[in-house]
Amino acid sequence: MSARVSWCVCVCLLFAAPVRGSDGSIVRNVRIAGLTRTRLEVVHRELLFKPGDRLSTSVIDETARNLRALLFLGEIDVRTRQVATDSIDVIVSVRDLYSRALTPLLSGEPGELSYGVVGLDYNLLGSGQVLQVTALHDAVTGNEGEVFYRAPRWFGSRSALTGTARMGGEGYDVSLRAARPFYRLAERWSYWVTTRGTRELVRLY
């Protein structure tokens with residue numbers, strides 16, 4: 001039996017030509033309606049406009065698309081209300097969806113059963129963050145556990161941070177990924193950086 005350890009770092013940078021919509025009315029006020037568990041700032045940071053901006057139809061469509069990508073939100077509706085000749089209010093209506101799951105794991109044959117449980121919350125404490133914890137007893141390799149975490153808007157920025165750690169009797173596998181995906185058509189660039197470390201036991205049978 002021997003152990004093998006490896007580390008790797010990957011970097012990717014992408015560029016795209018910007019696409020811009022025509023200017024429209026000035027946003028006077030933005031109101032979020034329908035939330036019961038999700039924090040207001042989670043929805044606000046997905047909006048592509050703020051009070052004082054000129055709002056176009058394409059930006060409204062992009063914002064609705066961003067919100068629909070959040071698995072814990074449903075019934076997305078972005079509406080505008082004219083309040084003056086060149087001024088509007090924006091009402092963003094959403095609905096919280098259930099975001100937690102607990103799933104048992106069972107496989108194998110009597111006498112050689114593998115079993116465990118997976119716990120998942122993809123709107124952790126209403127923050128929009130994802131946490132998944134897996135505990136498993138494998139009939140061959142023994143006990144192991146895995147933790148997956150993702151912050152889609154790290155410290156309120158447009159960057160996402162994803163981390164995975166798996167440990168067991170056969171070694172470990174740890175990875176960390178930072179990324180800034182394209183979030184609107186006018187965005188010019190995107191990137192991702194990944195680092196990963198692995199240690200595994202090589203058994204001879």
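The largest nonpolar core of this predicted model holds 23 residues, and the members that touch the most others are Phe49, Leu55, Leu67, Leu73, Val90 and Val92. Helices and strands both contribute: helix H1 (40-44) and helix H2 (57-68) each supply at least two residues of this core, as do strand E2 (25-33), strand E4 (73-84) and strand E5 (87-96).

Leu73 is a good place to start looking around. Setting aside neighbours within four places in sequence, Leu73 is in contact with Leu35, Thr38, Val43 and Leu67 on one side of the numbering, and with Val94, Arg95, Asp96 and Leu97 on the other. One of these partners, Leu67, is also among the core members that touch the most others.

Now follow strand E5, where Ser87 has its place. Is Ser87 buried or exposed? Its relative accessible area is 14%, so Ser87 counts as buried, the cut-off being under 20%. Which residues does Ser87 meet beyond its neighbours within four places in sequence? The contacts are Ser25, Ile26, Arg28, Arg81 and Gln82. With Ile26, the C-alpha atoms are separated by 4.8 Å, although the two residues lie 61 residues apart along the chain.

Next come the aromatic rings. A pair of aromatic rings is described by the distance of the centres and the angle of the planes. How many aromatic pairs does a search of the whole structure find? There are two, set out here:

| Pair | Centre to centre | Angle between planes | Arrangement |
|---|---|---|---|
| Trp154 and Phe155 | 4.7 Å | 65° | edge-to-face |
| Trp189 and Tyr191 | 6.0 Å | 15° | stacked |

The edge-to-face label for Trp154 and Phe155 follows because their planes stand at 65° and the cut-off is over 60 degrees. In that pair, Trp154 is partly exposed at 34% relative accessible area, whereas Phe155 counts as exposed at 77%. In the stacked pair, Trp189 is partly exposed with a relative accessibility of 34%, and Tyr191 is partly exposed too, with a relative accessible area of 22%.

Finally, have a look at the surface. Val9, Val11 and Val193 form a nonpolar patch there, and together they have about 270 Å² of accessible area. Val193 belongs to strand E12, which covers residues 189-202. Why does Val193 count as partly exposed? Its relative accessibility is 30%, so Val193 falls in the range between under 20% for buried and over 50% for exposed.

Key:
Residues numbered from 1 in each chain as written. Predicted model: local features only at pLDDT ≥ 70, side-chain atom pairs only at ≥ 80, totals over all residues. Heavy atoms only, no water. Core = buried A, V, L, I, M, F, W, Y, C linked by side-chain atoms within 4.5 Å. Buried < 20%, exposed > 50% of the residue type's maximum accessible area, 1.4 Å probe, protein only. Helix = DSSP H or I, 4+ residues; strand = E, 2+ residues; numbered from the N terminus. Contact = heavy atoms within 4.5 Å. Patch = residues over 30% accessible without salt bridge, like charges linked within 9 Å, V, L, I, M, F, W, Y side chains within 5 Å. Areas by Shrake-Rupley, 256 points an atom, 1.4 Å probe, with all protein chains shown as cover. Salt bridge = Lys/Arg side-chain N within 4 Å of Asp/Glu carboxyl O. Phe/Tyr/Trp six-rings, centres within 6.5 Å; stacked < 30°, edge-to-face > 60°.
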